[in-house]
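Work through the exercises below with the structure open. Each task is followed by a stepwise solution.

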Amino acid sequence: MDLNPTPEEERFRATVRTWLAVNLPAGWGTPAYQAPGTAEEQVAFARVWQRRLYDGGWAGITWPREYGGRGASIIEQLLYNEEYARLQAPDILSLKIGLSLVGPTIMTCGTPEQQAQHLPNILNGQEIWCQGFSEPNAGSDLASVKTRAELQGDAFTVTGQKTWTSVAQHADWCILVTRTSTDGPKHQGLTFLLVDMKSPGITIRPLREMTGEAWFNEVFFDAVRVPRTNVVGEINGGWKVVLTTLGFERGGSTPHVRLQVEQRRLAQLARTVVRRGARAADDPAVRQRIAQVAIETAILRYTAYRNVTMVQRTGVPGPQGSILKVFWSELEQRLKDTAVEILGPWGLLPHGEPRAVDGGSWAHELLWSRAATIYAGTSEVQRNIIAQRVLGLPR
């Protein structure tokens with residue numbers, strides 16, 4: 001593949017850079033900017049920022065024009081992500097599930113009515129979605145879900161529990177994997193539902209993480225009524241829809257853009273931190289660690305380009321996304337470990353401590369990075385996928 005950008009791609013990158021520079025919130029990236037503090041404020045800000053992206057034509061840029069997107073190529077999406085990360089534009093965590101997973105899944109597997117109802121609202125930030133997949137005894141083995149959906153007339157009655165459900169306490173809707181049959185292989189009895197999170201019978205219990213935040217949740221469904229028209233795909237045919245969603249989750253990932261920004265922050269950190277009377281960057285061992293991170297982020301970038309090129313050629317994400325998932329998640333942990341090793345004990349001070357470095361951001365990132373090898377498919381599961389579907393090894 002040719003890694004040199006075409007003139008059209010260069011013009012596209014310049015357009016993205018100019019628009020973001022003009023439209024970022026006033027004072028963004030400077031000490032004068034007052035960032036939203038609470039989770040509720042962050043979610044409200046994300047809705048407003050997403051609306052600005054939507055009005056500017058930058059929401060869901062790879063979505064087809066008939067669904068409200070820009071109709072851009074997946075390479076252009078990657079270029080957009082690189083510029084977005086380079087400027088450290090606002091992180092819209094609460095909206096990512098809808099934009100990257102739910103929208104593409106509804107476009108691929110949903111009915112015209114479902115598409116008309118939800119796609120515009122996902123793009124403009126009106127709808128926040130959560131992902132009701134994992135259960136206490138069905139995480140990586142998703143086909144083992146036990147949350148039951150019984151069809152009674154024109155509606156399902158849903159009873160069960162989901163866990164590790166990100167932003168559920170802020171979500172308007174949920175994509176829910178349920179069991180509708182126990183006959184035959186377990187993956188053949190699943191049904192994929194769209195659930196209104198305001199429905200009676202839903203209880204949400206936030207799970208406090210070691211970062212101090214509570215983005216994950218337990219969600220309990222007690223005889224929740226879901227219209228039959230909210231089925232995506234076929235009844236008992238939800239496994240196909242699940243695989244579609246997971247393909248978008250892994251295949252569309254471009255984490256190198258964020259890790260390259262953090263690698264540059266790491267290098268700057270080493271130039272400013274003093275250890276034993278000298279800059280950390282003057283230590284050859286530290287320079288080698290930083291150089292290794294830089295090499296690996298470059299490898300990650302080219303692997304991402306290779307992956308999106310494969311998607312562009314075939315039209316669907318493939319198992320190569322698992323290679324990216326293993327590599328970036330473990331690289332993220334190595335990067336954060338290196339930062340805290342450079343800082344020493346001060347690197348563990350959290351936000352709010354007077355002597356915390358960079359506002360405690362490195363301590364927060366160190367703790368958060370431990371989840372990277374678990375969410376979106378554990379490293380163990382991803383290695384099995386690579387072995388079987390990429391290398392062709394037997395089970």
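A salt bridge is a side-chain nitrogen of Lys or Arg within 4 Å of a carboxyl oxygen of Asp or Glu. Keep in mind that this is a predicted model.

**Exercise 1.** Decide whether E82 and R301 form a salt bridge, and state which parts of the chain the pair ties together.

Solution.
- Step 1: Check the distance. The N to O separation of E82 and R301 is 3.0 Å. The cut-off is 4 Å, so the side chains meet in a salt bridge.
- Step 2: Place the partners. E82 belongs to helix α3 (residues 74-86), and R301 to helix α8 (residues 284-314), so the pair ties together parts that are 219 residues apart in sequence.
- Step 3: Check accessibility. E82 has 9% relative accessibility, so E82 counts as buried. R301 has 22%, so R301 is partly exposed.

**Exercise 2.** Classify the partners in the salt bridges R275 with D283 and D282 with R279 as buried, partly exposed or exposed.

Solution.
- Step 1: Take the first pair. The closest N and O atoms of R275 and D283 are 3.3 Å apart. R275 has a relative accessible area of 22% and is partly exposed. D283, at 23%, is also partly exposed.
- Step 2: Take the second pair. D282 and R279 meet at 3.1 Å, N to O. D282 is partly exposed at 40% relative accessibility. R279 is partly exposed at 37%.
- Step 3: Widen the view. Salt bridges with shared partners join R13, R17, E82, E83, R86 and R301 into one network. The count for the structure comes to 25 salt bridges.

**Exercise 3.** Characterise the aromatic pair of W164 and F216.

Solution.
- Step 1: Start from the total. The structure holds 13 aromatic pairs.
- Step 2: Read the geometry. W164 and F216 are 6.0 Å apart, centre to centre, with 80 degrees between the planes. Planes over 60 degrees apart count as edge-to-face, so this pair is edge-to-face.
- Step 3: Locate the rings. W164 sits in the loop between β3 (155-162) and β4 (173-179). F216 is in strand β7 (residues 216-227). The two are 52 residues apart, and the pair links distant parts of the chain.
- Step 4: Compare accessibility. W164 counts as exposed at 53%, whereas F216 counts as buried at 15%.

**Exercise 4.** Which ring does the charged end of R70 sit over, and which cluster includes that ring?

Solution.
- Step 1: Find the ring. The charged end of R70 sits over W58, 3.7 Å from the ring centre.
- Step 2: Find the cluster. W58 joins F12, W19, W49, Y80 and Y84 in one aromatic cluster.
- Step 3: Add another case. R265 lies over the face of W362, 4.3 Å from the ring centre.

Key: Residues numbered from 1 in each chain as written. Predicted model: local features only at pLDDT ≥ 70, side-chain atom pairs only at ≥ 80, totals over all residues. Heavy atoms only, no water. Phe/Tyr/Trp six-rings, centres within 6.5 Å; stacked < 30°, edge-to-face > 60°. Helix = DSSP H or I, 4+ residues; strand = E, 2+ residues; numbered from the N terminus. Buried < 20%, exposed > 50% of the residue type's maximum accessible area, 1.4 Å probe, protein only. Lys NZ or Arg CZ within 6 Å of the ring centre and 35° of its normal.
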